[in-house]
Each structure stands twice: as structure tokens, then as C-alpha cells.
Amino acid sequence: MNTSRYKNWWYNIVLGMINHYARATPATRQGKMIEKAMEQAVKETAIKHGNYRDRLQAIELLFFEGYSVPKVSMILSFSERTIQRWKIDFVNSVGKNAGF
């Protein structure tokens, strides 16, 4: 699977919204929509994946703590490619839950 090109045109838009609202209290309707979509994506991750604890820890470090993919890779002892794939999966899940 080649994920160097994102399948969805809205990927970078959703990624920017996640980065913005992950560390701020959403005051707008759009912010609340993304926050709700993020909560749903976290629930979906916990249901779908057997390694959900590692994935959720990676999501926490990437979006809420602001660490880079290489740093998270070192902290969690997974390859950078795996962390990047988990990040892409999460952003796509948030986008779909937000109605993109």
C-alpha cells in the first residue's frame, strides 16, 4: 500500500484541524465537530485494532503532545513507517467521522 500520496483530497485540511483543536478548547461549531469526530475515531481505534493501546499512545504523543513521527517512533519502539501509517489511519478516520 503506497500512502505517500493521500487518497483523500481533504487529508491535509483535517490534519491541520486536528493539530489546531487537539491542544485548544473548541469554541466554534467546526471545532466541536472535529472534537466529536476525534472522540469517535479514538473509540473506533480501540474497537478495531488489537494493538489499540500502542496506537492511542502514538496518537496522544503526535497530536496532543506535539511530538514528531521520528520521536514517537523512538519512544514507542516502532518503525517510523508504522507510526506514520497509524497517523494516516487516524486522520482518515477523523475526516470520515466529520463528514468529509
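Trp9, Trp10 and Phe100 come together in one aromatic cluster. Here, rings of Phe, Tyr and Trp (its six-membered ring) are taken to pair if their centres lie within 6.5 Å, with planes under 30 degrees apart counted as stacked, over 60 as edge-to-face and the rest as tilted. The structure holds four aromatic pairs. In one of these, Phe63 and Phe90 form a tilted pair, with 5.5 Å from centre to centre and 35° between the planes. Phe63 belongs to helix α3 and Phe90 to helix α5, so this pair ties together parts that are 27 residues apart in sequence. Helices (H or I, at least four residues) are DSSP runs, numbered from the N terminus.

The model is predicted, so local features need pLDDT of at least 70 and side-chain atom pairs count only at pLDDT 80 or more, while totals for chains, interfaces and linings use all residues. Residues are numbered from 1 along each chain as its sequence is written, and side-chain values use heavy atoms, with hydrogens and water left out.

Both rings of the tilted pair are buried, a word used for under 20% relative accessible area, with exposed meaning over 50% and partly exposed in between (1.4 Å probe, protein chains only). Phe63 has a relative accessibility of 1%, and Phe90 has 2%. The two also appear in the largest nonpolar core, which has 27 residues and in which Ile18, Phe63, Ile83, Phe90 and Val94 have the most contacts. The elements that give two or more residues to this core are α1 (11-22), α2 (29-48), α3 (52-64), α4 and α5 (80-97). Helix α1 provides the largest share, seven residues. A nonpolar core is a set of buried Ala, Val, Leu, Ile, Met, Phe, Trp, Tyr and Cys residues joined through side-chain atoms within 4.5 Å. What does Phe90 touch, not counting residues up to four places away in sequence? With contact meaning heavy atoms within 4.5 Å, Phe90 touches Ile18, Met38, Ala41, Val42, Thr45, Ile59 and Phe63.

Helix α5 also holds Ser93, which counts as buried at 15% relative accessibility. Residues up to four places away in sequence aside, Ser93 touches Ala41 and Glu44.

Helix α5 takes part in a salt bridge as well, through Asp89. A salt bridge is a side-chain nitrogen of Lys or Arg within 4 Å of a carboxyl oxygen of Asp or Glu, and by this rule the count comes to one. The side chains involved are those of Asp89 and Arg55, at 3.4 Å from N to O. This pair links distant parts of the chain, with Asp89 in helix α5 and Arg55 in helix α3, 34 residues apart. Asp89 is partly exposed, with a relative accessible area of 30%, whereas Arg55 is buried at 10%.

Attention now turns to helix α4. Its buried residues are Val69, Val72, Ser73 and Leu76. Seen down the axis of α4, these residues fall within an arc of 105°, so they line one face of the helix; the arc is that of the directions from the helix axis to the C-beta atoms. An α-helix has 3.6 residues a turn, so residues three or four places apart point the same way. The buried residues of α4 pack against α3 and α5.

Ser73, found in this helix (residues 69-76), has a relative accessible area of 10%. A polar atom of the Ser73 side chain lies 2.4 Å from the backbone oxygen of Phe78, and a polar atom of that side chain lies 3.3 Å from the backbone nitrogen of Glu80. Neighbours within four places in sequence aside, Ser73 is in contact with Phe78, Ser79, Glu80 and Ile83.

The loops on either side of α4 deserve a look too. Ser77 follows α4 and lies in the loop between α4 and α5. Its phi is near 60°, a positive value in a residue other than glycine. Most residues other than glycine have a negative phi. Ser77 is exposed, with a relative accessible area of 65%.

In the loop between α3 and α4 lies Gly66, which is partly exposed at a relative accessible area of 42%. The C-alpha atoms of Gly66 and Asn19 are separated by 8.2 Å, although these residues are 47 residues apart along the chain. Gly66 is in contact with Arg23 and Leu61, leaving aside its neighbours within four places in sequence.

Conventions. A polar contact is a pair of N or O atoms within 3.5 Å; within protein, one must be able to donate a hydrogen and the other to accept it, and residues adjacent in sequence count only if both atoms are side-chain atoms.
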